[in-house]
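Good morning, and thank you for coming. Please look at the sequence and the structure as they appear, and keep both in view while I speak.

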Amino acid sequence: HVAGTVGARDNTIGVVGGIAIPQVTEFVHGFVAGAKRATPRVNVLVDYSDDFLDASKCAALARRQIARGAGVVFNVAGGCGLGTMRAAADAGVWAVGVDSDQSFLGPHVLTSVLKSFEAGFAEVLRQVEANRVRTGRDTVLTMRAGSAGLGRISPKVPRSLVAQVEELRRRI
């Protein structure tokens, strides 16, 4: 919640996910948990498009969330999520991108949640070089290992809030 900035609304945010598979629902649960930690009484609207490609499906869900008061909508739907981003721009509310830095889509982009698999590949290569490849187990890619993070944060976000985000990031 970014008080006093364009599109800020009454403690309601939205998440538009693609297909409810673990890779998507984990992002959704993490976003909801973070929002509730920051603002315990936040109302989080969650919808799934059952699609990763059709931007019109995500746009329709985002418009519905915005009509219900969402001042921020989070795209967790790949190409379909471009509809979420467009709906936010059209309504003058914040959008949060996913996977790569989507700030190029416009000034309505609050930030983006970044995923990078490079750290995982680097770990596997280290294991191969050391002749210690571990099989039969998952490798957990973390923020600390450089596998997740935030993209460009809108310059409309107060510096004091950006500093708080940076402090939380350091503690993760």
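In this predicted model, the buried residues of helix 1 are V24, T25, F27, V28, F31 and A35. Where do they fall when one looks down the axis of helix 1? They lie within an arc of 155 degrees, so they line one face of the helix. The underlying principle is a general one: an α-helix has 3.6 residues a turn, so residues three or four places apart point the same way.

The face of helix 1 turned away from this buried side carries exposed residues, namely P22, Q23, E26, H29 and R37. The buried residues of helix 1 are covered by parts that include strand 1, strand 2, strand 3, strand 4 (94-99) and strand 5 (109-115). As for its length, helix 1 runs over residues 22-38, which makes 17 residues. From its first C-alpha to its last it reaches 24 Å, close to the 24 Å expected at 1.5 Å a residue.

Let us now turn to helix 2, residues 55-67. Which of its residues are buried? They are A55, C58, A59, L61, A62, Q65 and I66. These residues cover an arc of only 165 degrees around the axis, which puts them on the same side of helix 2. They pack against strand 1 (12-17), strand 2 (43-48), strand 3 (72-76) and helix 3 (81-91). With 13 residues at 1.5 Å a residue, helix 2 should span 18 Å, and its end C-alpha atoms are indeed 18 Å apart. Just after helix 2 comes G69, which takes a positive phi of about 110 degrees.

I come next to the aromatic rings. How many aromatic pairs does a search of the whole structure find? It finds one. The pair is formed by F31 and F74, and it is tilted, with 4.6 Å from centre to centre and 40 degrees between the planes. Because F31 lies in helix 1 and F74 in strand 3, the pair ties together parts that are 43 residues apart in sequence. Both F31 and F74 are buried.

My last example is Q127, which lies in helix 4 (residues 118-129). Is Q127 buried or exposed? Its relative accessibility is 9%, and buried means under 20%, so Q127 counts as buried. If we leave aside its neighbours within four places in sequence, Q127 is in contact with R132, V133 and R134.

Methods. Residues numbered from 1 in each chain as written. Predicted model: local features only at pLDDT ≥ 70, side-chain atom pairs only at ≥ 80, totals over all residues. Heavy atoms only, no water. Helix = DSSP H or I, 4+ residues; strand = E, 2+ residues; numbered from the N terminus. Expected span 1.5 Å × (residues − 1). Buried < 20%, exposed > 50% of the residue type's maximum accessible area, 1.4 Å probe, protein only. Arc of directions from axis to C-beta. Contact = heavy atoms within 4.5 Å. Phe/Tyr/Trp six-rings, centres within 6.5 Å; stacked < 30°, edge-to-face > 60°.
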